[in-house]
Amino acid sequence: ICANEPRAEIMQKIYKLKDRPISYENLRMLEYSSDEARNEAKQKFEKYIKKEEIRIISTSGCDTTRLNDVLVSNINKINCACRLFLVGQNSLKDESIIRKIIKDNNLKNVEIIGKLNQDELKFLISHCHIGIVNYNQRDTNNKYCASGKLFEFVFENVPIVTTTNPTLVPLCQKQHIGCADDTFYQGINEIINNYNYYKSNVTIFKANH
């Protein structure tokens, strides 16, 4: 068993398998553990929820191998008021790089959140407009990613901007649930300009999964 068709093809070739592995997608749907936990998450993050801002979230933290340095560097190219949340555990090196970009560009709209529990993550994602699905292409595992992050966003009805990995581009081009763009800002602007279109496609994609 593997998590998508491209991986099945690679596994069959590498291990010289007679039959191709079964593809079972990496479906992940976040759930609240309790009403109390949801309320605690709300109290923690409601200060960030401003009606005038488009909220963007990456759950790969400050990881520069996943181009979060590019994402932060280009966040001032978004065509409207926005706020970027970087969620996830960070290395000291990567966080230092991101904080330097923030300082050098005098960015006031980037929040380094760190690691969250599932209740907090679900609340924050569900109150964002766009999710960033970013992987590197330096190794086979990442290049042909089977993204659980993608489904975390989809199940919260959030359109996505992805890196141009071979398994992510078709979802954007055929399902129209987001845009594949290694600069990020062009894809973000495209979704903002046509938000209802992408959101409705996410709803359809979610229903089929």
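**Notes on the predicted model**

1. Arg 28 is partly exposed, at 36% relative accessible area. This is a predicted model, and in it the Arg 28 side chain meets that of Glu 152 in a salt bridge at 2.6 Å, N to O. Arg 28 sits in the loop between H1 and H2 while Glu 152 belongs to helix H7 (residues 148-154), so the pair ties together parts 124 residues apart in sequence. Glu 152, for its part, is buried, with a relative accessible area of 6%.

2. That pair is one of nine salt bridges in the structure. Another joins Asp 63 and Arg 66, at 4.0 Å from N to O. Asp 63 counts as partly exposed at 22%, whereas Arg 66 is buried at 17%, given that buried means under 20%.

3. Helix H4 has a pair of its own: Glu 95 and Arg 99 meet at 3.0 Å, N to O. They are four residues apart, about one helical turn. Both count as partly exposed, Glu 95 at 22% and Arg 99 at 44%. Elsewhere, Glu 53, Arg 83 and Glu 111 are joined into one network by salt bridges that share partners.

4. Now the sheet: six strands, open, parallel pairing, in the order E3-E2-E1-E4-E5-E6. E3 (110-114) and E6 (178-180) are at the edges with a single partner strand each, so one side of each has no neighbour in the sheet. Twist averages 20° from one strand to the next. Four bridges join E2 (residues 82-87) to E3, with Val 87 opposite Gly 114. H4 (residues 92-104) lies across E2 and E3, at about 160° to E3.

5. Last, the surface: Ile 1, Ile 22 and Tyr 24 make a nonpolar patch of about 430 Å². Ile 22 is exposed at 60%.

Definitions and conventions:
Residues numbered from 1 in each chain as written. Predicted model: local features only at pLDDT ≥ 70, side-chain atom pairs only at ≥ 80, totals over all residues. Heavy atoms only, no water. Pairing = 2+ DSSP bridges. Helix = DSSP H or I, 4+ residues; strand = E, 2+ residues; numbered from the N terminus. Axes fitted to C-alpha atoms, helices over the stretch in contact; angles between N-to-C directions. Contact = heavy atoms within 4.5 Å. Patch = residues over 30% accessible without salt bridge, like charges linked within 9 Å, V, L, I, M, F, W, Y side chains within 5 Å. Areas by Shrake-Rupley, 256 points an atom, 1.4 Å probe, with all protein chains shown as cover. Buried < 20%, exposed > 50% of the residue type's maximum accessible area, 1.4 Å probe, protein only.
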